[in-house]
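Here's a quick tour of a protein chain, with an eye on its core, its empty spaces and a few backbone oddities. Have a look at the model first, then read on.

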Amino acid sequence: MDNTKPELSTRYSPAEFEQRWYAAWEAAGYFTPDASSTKPKFSIVIPPPNVTGRLHIGHALVNTLIDIITRWKRMSGFEALFLPGTDHAGIATQMVVERELAKQGLSRHDLGRDAFVEKVWQWKNDHGNQIKDQLKRLGCSCDWTRERFTLDEGLSHAVRTVFVKLYEDGLIYRDLAMVNWCPRCHTAISDLEVEFEERDSRIWSIEYPLADGSASLTVATTRPETMLGDTAVAVHPDDERYKHLIGKMVKLPLTGREIPVVGDAILVDPEFGTGAVKVTPAHDKNDYEAGQRNKLASIQVINELGLMTAAAGEAYARLTREEARTKVVADLEAIGLLRDAKPYKNSVAFCARCSTIVEPMVSRQWFVKIEPLAKPAIEAVRDGRITITPSSWDSTYFNWMENIHDWCISRQLWWGHRIPAFTCGDCQHVMVALDSPASCSKCGSTSISQETDVLDTWFSSALWPFSTMGWPNETDDLRAFYPTTTMITGFDILFFWVARMIMAGLRFTGEIPFSQVFLNGLVRDEHGQKMSKTKGNVIDPLEVADEFGADAVRFTLAILSSGRDIPLAKSRMQGYAAFATKTWNAARFAMMNVESTLAESTSAFDHAKLGIVERWILSRCNATARDVNRSLEAFRFDEAANAIYQFFWKELCDWYIEMSKPVLSGREGTPEEQHRAKAVLLTVLDRALRLLHPFMPFITEEIWQKLGPADPSIMTAAYPKHDASLDDAEAERVVEIVQGIVTTVRNLRASRGVPGKERLRLHLRADGADRAALEATAYLLRDMAKLSEVRFDGTAPESAHRDVVGGVELALELPKIEISADALAKIAKEIEALEKELAGAEGRLSNRQFVEKAPPQIIAGARARRQEIIDRLATLRQNVAPAGTGE
């Protein structure tokens, strides 16, 4: 053995090499693809995490999946780009910096806009690299030379260009409209940023007296505080109970105002409730539309801070919404106009960002006319240019896109892309332009002010696949890597982001932004509960990476990645850390038994001269390569990871390494067979490591380098593909029989309590090729099943245990050892269960109606299962029969 060859340490310790390898990869430029290369291109952009953030387990999942695909494509001969970056995250980032100021007793208004924005930039520069460092820790092979930020000058130019083009095309407009207003974030938010939660509430019935005192109308509401802003009561124009009241006036309780009764067939369902509805145009979307139809006044009684306004009346002004509700109910009860209050399940709207109850409010905002953008995006999915995986999301996508509303894109913030709209101070003319105009295009005045609102963060994110490549400039990257290939992200932002990227890509580049979308599930705790700090069930990916190694974290996330909800427990990571240790020890075994290096062992064996065991492991490794590649093509990360796991742990470690030991040690075989066995072991280990690399990049590189490869890095080595010449069904069949015999003998030993040191005699009956193959592998049976002898001729004693494995009859001579009580109980339990199943099968097959009407294959299956049960029962009964009875 070459004593100078590098060796693996005796203990798997990921902390010793993980970060060292990442630095080496980055320094070597392996993450940076060449845009001018003639190789096929693969590109994928990161779903940009908020610059404020720390990597959470959801980020770890999506970026692990992206990195698996990228590394796989890179090794498969593609010029692969994984483009990283972060989002300026308007509301979130502004809130973080405002909280920091509040600790100093300051607000953003104390600083002023320019100074505050400068403060946010300073915060970003101080903290913005945190996510980058964490992605590196997980092993994400991002091209950091192309890192982007949504407020970079290049991306800002793209945002302004898109805004101007949409405005010039008549697809951006400014108007008064009902919006979702967050009193805590102090801005309008889109429909997608609103979350609904069912709450236990009440519904109050209130009497509104007619002004002439002749009668009253009863209305019901879940928000009695908004009645202070009512400007009408609506009834259905065909409702016989009320149509004579249309045009009359009612007295609005607590206010002294009189409001009309109006007929509105759209707003009012005469079958629901009392058939009379209060109308508050300033604080309800449906009421706002009814107000426009009926030309009603709009009275704002709740302001941007969530406090009651002066218009609500002196008794209620400056109260919070909750305080006003309590007082209104008490005051109505005091004057006898509160008819009743009943429990009610109410769907309440909350801000997704801060969980404050959203207030519907009329406000002047900027909107994108979205339907003309949505139609091409619908067709791109419908005609198959873009595929969504899982395909079950197609119908959800179509339903949302076909019922889409105009997008409110303005936010009342200071941090973000400031809307490039400019107003003349003299004539109020509005100009939209890439650059600030020096003077008014209408009157020539130089008194110009820019719009104070900024754009919704998702506006710039929608441009991410092409703005990051240099658009609107025709750059080398745009030509080489756009359209991108694949988009991997959580299903929860299908509409926030994916749909908008498709709309923007088609509109501004004329091409789809990607052809494949994979929507991963959301990570939950081991009980399926949402992770939250308050529940104490959060798993920090960086902490578990330090505890178990980044490779174990990555592999766990990959193998659990299927499904809408992904239950995650630390114990799973601990389990896959054990898998990494198993891999490490297998490599150490190979290195202790194989002198040559990978560079020296190329074509070191003639496949035609290989023994059946070597042919088997090469065939199984080849089948694994086929399955892994197929699974990755279909985004079945779980299936790919499981295929590698099963091969590495069970077939390579548990079986092949054990089966190779007699030859490797020289106890069996010729020197030539020993040489070939060593070459096959090294070859299979090499291929298995390359298969595993996208999932576990660090350990595979550390081991692979110690094997003396010809390539400078496993990252640049070719990913194993299926090779039909290595398929060997016969070798797989024979080794499966060998495995079955070994397993059967081991199980019998355990059930009969036979000590491992006691060697047993095995009798086999097989014909032709099976006999020849088993005779050739008899040394394996002796070694692995701890047998003294394997006989192919002669008769086994009557007392021998008999079984059939793969068509081969076996008889095992067992010593007269009492079966343990636990083993007897286990066998008795299995016999009882099988007897019940047999009775059911017999009853089914004796049923004439079943036999006459069931399909032939069902009947055949039932008969085959009955025979299996009979055979198994015979075996079990023989196992518990007194030794020597032959029963």
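## The nonpolar core

A nonpolar core here is a set of buried Ala, Val, Leu, Ile, Met, Phe, Trp, Tyr and Cys residues joined through side-chain atoms within 4.5 Å. This is a predicted model, and its largest core of that kind takes in 205 residues. The members that touch the most others are Tyr 397, Phe 459, Phe 555, Phe 648, Phe 695, Ile 741 and Leu 764. Helix α20, spanning residues 637–664, gives the most to this core, with 16 residues. There's another core lying apart from it, of 28 residues, including Ile 259, Val 301, Val 329 and Leu 337.

Back to Leu 764 for a moment. Setting aside neighbours within four places in sequence, Leu 764 is in contact with Ile 741, itself on the list of core members that touch the most others. The rest of its contacts are Leu 774, Leu 781, Val 790, Arg 791, Phe 792, Val 808, Glu 809 and Leu 810.

## A covered helix

Phe 555, another name from that core list, is one of the buried residues of helix α17. This helix runs over residues 550–559, and 10 of its 10 residues are buried. Asp 551, Arg 554 and Thr 556 are among them, alongside residues such as Val 553, Leu 557 and Ile 559.

## Empty space inside

How many cavities of 30 Å³ or more are there? The count comes to 3. The largest cavity has a volume of about 110 Å³. It's lined by 14 residues, and Leu 373, Trp 407, Ala 462, Arg 500 and Ala 504 are the closest to its centre. Two elements give two or more residues to this lining, α7 (153–168) and α15 (494–509), and α15 gives the most, with 5 residues. By class, the lining is 12 nonpolar and 2 charged residues, with no polar ones.

The second largest cavity holds about 40 Å³ of space. Its lining includes Ile 46, Pro 49, Pro 84, Trp 144 and Glu 147. Here β3 (85–86) and α6 (130–138) are the elements giving two or more residues, and α6 has the largest share, 3 residues. This lining splits into 6 nonpolar, 2 polar and 2 charged residues.

## Backbone oddities

Two cis peptide bonds come up, each with a proline. One joins Thr 389 and Pro 390, with omega at about 0°, and Pro 390 sits in the loop between β15 (387–389) and α11 (393–402). The other joins Trp 471 and Pro 472, with omega at about 15°; Pro 472 is in the loop between α13 (464–467) and α14 (476–481).

Then there are positive phi values outside glycine. Leu 254 has phi near 75° and lies in the loop between β10 (249–251) and β11 (258–263). Leu 254 is partly exposed, at 28% relative accessible area. Gln 428 has a phi of about 65°, and its place is in the loop between β18 (421–424) and β19 (430–432). At 52% relative accessibility, Gln 428 counts as exposed, because the cut-off for that is over 50%.

## How far to trust it

The mean pLDDT of the chain is 91, and 97% of its residues reach 70 or more. Over residues 883–887 the pLDDT is below 50, and beyond near neighbours in sequence this stretch has 5 contacts in the model. Where pLDDT is low, predicted coordinates shouldn't be read in detail.

How values were computed
Residues are numbered from 1 along each chain as its sequence is written. This is a predicted model: local features need pLDDT of at least 70, side-chain atom pairs count only at pLDDT 80 or more; totals for chains, interfaces and linings use all residues. Side-chain values use heavy atoms; hydrogens and water are left out. Buried means under 20% relative accessible area, exposed over 50%, partly exposed in between (1.4 Å probe, protein chains only). Helices (H or I, at least four residues) and strands (E, at least two) are DSSP runs, numbered from the N terminus. On a 1 Å grid over the protein atoms alone, a cavity is a set of points where a 1.4 Å probe fits but cannot get out, and a pocket is an open set with protein on both sides within 12 Å along at least five of seven lines; lining residues have an atom within 4 Å of a point. Grid points are joined across faces, edges and corners, and a volume is the space filled by probe spheres set on the points. Ala, Val, Leu, Ile, Met, Phe, Trp, Tyr, Cys and Pro count as nonpolar, Asp, Glu, Lys and Arg as charged, and the others, Gly among them, as polar. Contact means heavy atoms within 4.5 Å. pLDDT is the predictor's confidence in each residue, from 0 to 100.
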